[in-house]
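Trainee: I am new to this structure. Please take me through the terms one by one.

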Amino acid sequence: MIVYTDTVDDIDASQLTGFFVDWGWPAHPTPETHLRLLQNSAEVVLAIDDETTQIVGYITAISDGVLSAYIPLLEVLQPYQGRNIGSDLVRRMLDKLQHLYMIDLLCDAGVQPFYERLGMQPATGMLIRNYNQQTGTG
Ligand SMILES: CC(C)(COP(=O)(O)OP(=O)(O)OC[C@H]1O[C@@H](n2cnc3c(N)ncnc32)[C@H](O)[C@@H]1OP(=O)(O)O)[C@@H](O)C(=O)NCCC(=O)NCCS
């Protein structure tokens, strides 16, 4: 069974294996760095397989706590995709952020229908990517 939590207090880096790989990040954070970014996020929701205690999906938000939040990361491990875990993570995060005015994220055009079904609308954005910082250790 998949269980959800919104705290990282009892999470160990060993529960965070397999992320960023299928997503195609050539250089990606280690489980320890992944845990640090979860700890530093304003809000997180984690999906845990209670049989293995492994984290199989997560979503993060950073926020000013007044008007705005940005959702930088959402991922479900490949063997667990297509089971509504990603949708559940987004719904739970949007619920946690509903007191804010702006809730933004960037995604590829192909994923827009996924977010539209969860109540979000397409927008235009801008970005910079410092690829030499992709491991999060800089
Ligand atoms: C995007 C992602 C989180 C979805 O997680 P998931 O648990 O598979 O999502 P769900 O099971 O809730 O999917 C619900 C629907 O969205 C669709 N969907 C999922 N991922 C999609 C994608 N990348 N592009 C288009 N549609 C997608 C599914 O086909 C499914 O549609 P269906 O019910 O008609 O079959 C997952 O595919 C993932 O981790 N991808 C790699 C990382 C990534 O792209 N993250 C998003 C960055 S913006």
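The talk below covers the ligand and one serine.

Mentor: This is a predicted model, where local features need pLDDT of at least 70, side-chain atom pairs count only at pLDDT 80 or more, and totals for chains, interfaces and linings use all residues. Residues are numbered from 1 along each chain as its sequence is written, and side-chain values use heavy atoms, with hydrogens and water left out.

Trainee: Why is Ser41 called buried?

Mentor: Its relative accessible area is 14%. Buried means under 20%, exposed over 50%, partly exposed in between, with a 1.4 Å probe and protein chains only. So Ser41 counts as buried.

Trainee: Where does Ser41 lie?

Mentor: In the loop between helix 1 (31–40) and strand 2 (43–49). Helices (H or I, at least four residues) and strands (E, at least two) are DSSP runs, numbered from the N terminus.

Trainee: What makes the pair of Gly86 and the ligand a polar contact?

Mentor: A polar backbone atom of Gly86 is 2.8 Å from an oxygen atom of the ligand. A polar contact is a pair of N or O atoms within 3.5 Å; within protein, one must be able to donate a hydrogen and the other to accept it, and residues adjacent in sequence count only if both atoms are side-chain atoms. Therefore the pair qualifies. For Arg83, a polar backbone atom is 3.2 Å from a ligand oxygen.

Trainee: Which residues around the ligand are the closest?

Mentor: Val76, Asn84, Gly86, Ser87 and Arg117, out of 18 that surround the ligand.

Terms used
Near = heavy atom within 4 Å.
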